[in-house]
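Me: I am new to this structure and would like a close look at a single part of it, rather than a tour of everything. Please choose one part, explain how it sits among its surroundings, and take the steps slowly.

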Amino acid sequence: MDRDASGASPAPRPDPAWTSLRERLGRSVFRSRFRLSDADRATIARTGWPILEAQAEKIVRDRLAPAQPRNDGRQTPMRGHPVFLAQHATATCCRGCLAKWHGIPPGRPLTDAEIARIVSILLAWIREHAGDLSGFPVQQTLPL
Ligand SMILES: [Zn+2]
């Protein structure tokens with residue numbers, strides 16, 4: 001059965017880097033209090049994983065990747081898109097948090113590898129917190 005098409009999370013892939021980051025984040029009261037709302041989960045189900053991942057990459061490229069991102073430190077809303085929430089939960093919300101938690105220095109553009117890593121962290125967090133989405137309406141994934 002293709003669980004992706006049903007909107008449910010695909011089988012988790014073991015990722016040692018994510019596992020150790022998750023452990024560090026779990027020790028932060030601020031980072032670990034973030035939860036997806038039912039509205040967020042409905043958005044995820046409706047959007048589907050491939051488009052959600054593309055949206056996450058666009059958000060990272062637009063808001064984090066420049067050497068001097070606009071409004072750095074305040075560029076990530078607390079709600080409005082599941083990716084924003086995941087950014088706060090995983091300390092990928094601004095260049096200050098990327099420096100402190102992920103060892104990525106500020107003042108230079110993010111590399112493609114860093115962008116890909118951040119997107120994979122965001123998707124890992126969202127998959128873990130979305131749970132079973134089979135109760136939400138799903139729309140066929142449209143081409144980008
Ligand atoms: Zn931040």
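Reply: Before looking at what packs against what, it helps to settle one term: two residues count as being in contact if their C-beta atoms, placed from the backbone, lie within 7 Å. The model is a predicted one, with an average pLDDT of 90 over the chain, and 86% of its residues score at least 70. Residues 1-6 should be read with care, since their pLDDT is below 50, and beyond near neighbours in sequence this stretch makes six contacts in the model.

The part I have chosen is α4, which covers residues 49-63 in a chain that has seven helices and zero strands. Its length can be checked in a simple way: at 1.5 Å a residue, the 15 residues of α4 should span 21 Å, and the end C-alpha atoms are indeed 21 Å apart, so the expected and the modelled values agree.

Which residues of α4 are buried? They are W49, L52, A56, I59, V60 and R63, where buried means that 20 or more other C-beta atoms lie within 10 Å of the residue's own. When the helix is viewed down its axis, these buried residues of α4 fall within an arc of 95 degrees, and therefore they line one face of the helix. On the face of α4 turned away from this buried side sit K58 and D62, both of them exposed.

The buried residues of α4 pack against three other helices, namely α3, α5 and α7. Seen from the side of α3, the picture fits, for the buried residues of that helix, which are D40, R41, I44, A45 and T47, pack against α4, α5 and α7. Just after α3 comes G48, which has a positive phi, near 85 degrees.

These helices also meet in the largest nonpolar core, which has 26 residues, and A56 is one of those that touch the most other members, together with A86, L122, W125 and I126. At least two residues of this core come from each of α3, α4, α5 and α7, and the largest share, nine residues, is supplied by α7. Leaving aside residues up to four places away in sequence, W125 touches A86, A89 and T90.

Beyond α4, the loop leading to α5 holds N71, whose phi is near 55 degrees, a positive value in a residue that is not glycine. Most residues other than glycine have a negative phi. N71 counts as exposed because it has 9 other C-beta atoms within 10 Å, and the limit for that class is 12 or fewer. A second case of positive phi, at about 60 degrees, is A91, which is found in the loop between α5 and α6. Here the surroundings contrast with those of N71, because A91 has 21 other C-beta atoms within 10 Å and is therefore buried.

To place all this in the chain as a whole, buried residues make up 29% of its 144 residues. Among contacts with a separation of 6 or more, 72% join residues 24 or more positions apart. Within that setting, α4 is a helix with its buried residues along one face, packing against α3, α5 and α7, and with K58 and D62 exposed on the face turned away.

Note on methods. Residues numbered from 1 in each chain as written. Predicted model: local features only at pLDDT ≥ 70, side-chain atom pairs only at ≥ 80, totals over all residues. Core = buried A, V, L, I, M, F, W, Y, C linked by C-beta atoms within 7 Å. Helix = DSSP H or I, 4+ residues; strand = E, 2+ residues; numbered from the N terminus. Expected span 1.5 Å × (residues − 1). Arc of directions from axis to C-beta. pLDDT = per-residue confidence, 0-100.
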